[in-house]
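Please look over the model below before reading on. The explanation that comes after it is meant to be followed with the coordinates open.

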Amino acid sequence: MIRTTDFKGRFIVLALLVFAICTFLFYQAPLSHHSSRTPQFGQQQSRTDGITSGAVLTGHAIAPKLGNATAKAELGRAAWKVLHTTFARFPEKPTDDEKEALRSYVYLFQRLYPCGECAEHFGKVLEKYPPQVSSRTAAAMWGCFVHNVVNKRLQKPEWDCAGLGDVYDCGCGDEPADSGKNAGD
């Protein structure tokens, strides 16, 4: 039997993953024809179709304050799991397009995060410490660093960044798509 909290946690993680995929698919193509340089927090970059990409990536947090402390805590744990797992699965040698996709994802994740108050706080963290996307290692270490910045503000224990991969190992490995063998062989 699945406990209610397990179901809620899994639902939140699934919802965040679906959101991430949809966000990537929706924003990847329109932003990719611009310079790979993302505007700094608060700056705007004009586009010919009338949308301002800088404002899309770095505008205000959209959601209202989330008053339920239990929901806020569950959401936070699920969000960090999604982010750390995303960073752990990022290519070690990403293309410029992949770097821009991750950078955009982090900024959009912050803007659309369901806890508006949390999103505003994380926006300030991003302003001071922009996402590092040059490699899987850089992204994972940046993610751990900013997680510790947030934990320090919340007076929570800091993570040991050296062991982060063990905590957020999805178990999927880097197996080739077609190993030539069936799972039952």
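The paragraphs that follow go from the overall fold to the core, then to two of the helices, the disulfides and two loop residues.

The model is a predicted one, and what is said here should be read with that in mind. The chain contains seven helices and zero strands, so that its elements, read from the N terminus on, run α-α-α-α-α-α-α. Of the 185 residues in the chain, 36% are buried. Among the contacts with a separation of 6 or more, 62% are between residues 24 or more positions apart. The accessible surface of the chain amounts to about 11500 Å², and carbon and sulfur atoms account for 57% of that area.

The interior is a good place to begin. The largest nonpolar core has 28 residues, and F87, L102, Y105, V106, Y113, F122 and W142 are those with the most contacts inside it. At least two residues of this core come from each of helix 2 (53-58), helix 3 (69-89), helix 4 (96-112), helix 5 and helix 6. One of the residues with the most contacts in the core, L102, can be followed further: leaving out residues up to four places away in sequence, L102 touches T86, F87, F90, V133 and A139.

L102 also appears among the buried residues of helix 4, a helix that is mostly covered, with 12 of its 17 residues buried. The buried set is E100, A101, L102, R103, S104, Y105, V106, Y107, L108, F109, Q110 and R111, and the list therefore includes E100, R103 and R111 as well as Y105 and V106, because each of them falls under 20% relative accessible area. As for its length, the end C-alpha atoms of helix 4 are 24 Å apart, which agrees with the 24 Å that its 17 residues should span at 1.5 Å a residue.

Helix 5 can be taken in the same order. Helix 5 has 13 residues and reaches 19 Å from its first C-alpha to its last, close to the 18 Å expected at 1.5 Å a residue. Which of its residues are buried? They are G116, A119, F122, G123, V125 and L126, and because these residues cover an arc of only 160 degrees around the axis, they are on the same side of helix 5. On the other side of the helix, K124 and K128 are exposed. The cover over the buried residues of helix 5 includes helix 3, helix 4 and helix 6. F122, which is one of these buried residues, is also among the residues with the most contacts inside the largest nonpolar core.

Two disulfides are counted in the model. One of them joins C115 to C118, with an S to S distance of 2.3 Å, and with 65 degrees about the S-S bond this link is right-handed. C115 counts as buried, at 0% relative accessibility, whereas C118 counts as partly exposed, at 24%. The other disulfide is formed by C144 and C161, whose sulfur atoms are 2.0 Å apart, and with -90 degrees about the S-S bond the link of C144 and C161 is left-handed. Because C144 lies in helix 6 and C161 in the loop between helix 6 and helix 7, this pair ties together parts that are 17 residues apart in sequence. Here too the partners can be described by their accessibility: C144 is buried, with a relative accessible area of 0%, and C161 is partly exposed, with a relative accessible area of 22%.

Two loop residues complete the tour. S135 is placed in the loop between helix 5 (116-128) and helix 6 (136-153). Is S135 buried or exposed? S135 is buried, because its relative accessible area is 12%, which is under the 20% cut-off. Leaving aside neighbours within four places in sequence, S135 is in contact with F90, P91, E92 and P94; F90 is also one of the residues that L102 touches.

Q155 is found in the loop between helix 6 and helix 7 (164-167), and with a relative accessible area of 76% this residue is exposed. Its backbone deserves a look as well, since most residues other than glycine have a negative phi. Q155 has a positive phi of about 60 degrees although it is not a glycine.

Key
Residues are numbered from 1 along each chain as its sequence is written. This is a predicted model: local features need pLDDT of at least 70, side-chain atom pairs count only at pLDDT 80 or more; totals for chains, interfaces and linings use all residues. Side-chain values use heavy atoms; hydrogens and water are left out. Helices (H or I, at least four residues) and strands (E, at least two) are DSSP runs, numbered from the N terminus. Buried means under 20% relative accessible area, exposed over 50%, partly exposed in between (1.4 Å probe, protein chains only). Contact means heavy atoms within 4.5 Å. A nonpolar core is a set of buried Ala, Val, Leu, Ile, Met, Phe, Trp, Tyr and Cys residues joined through side-chain atoms within 4.5 Å. Accessible areas come from the Shrake-Rupley method with a 1.4 Å probe; for residues, only the protein chains shown count as cover. A disulfide is a pair of cysteine sulfur atoms within 2.5 Å. The expected span of a helix is 1.5 Å times one less than its number of residues. The arc is that of the directions from the helix axis to the C-beta atoms.
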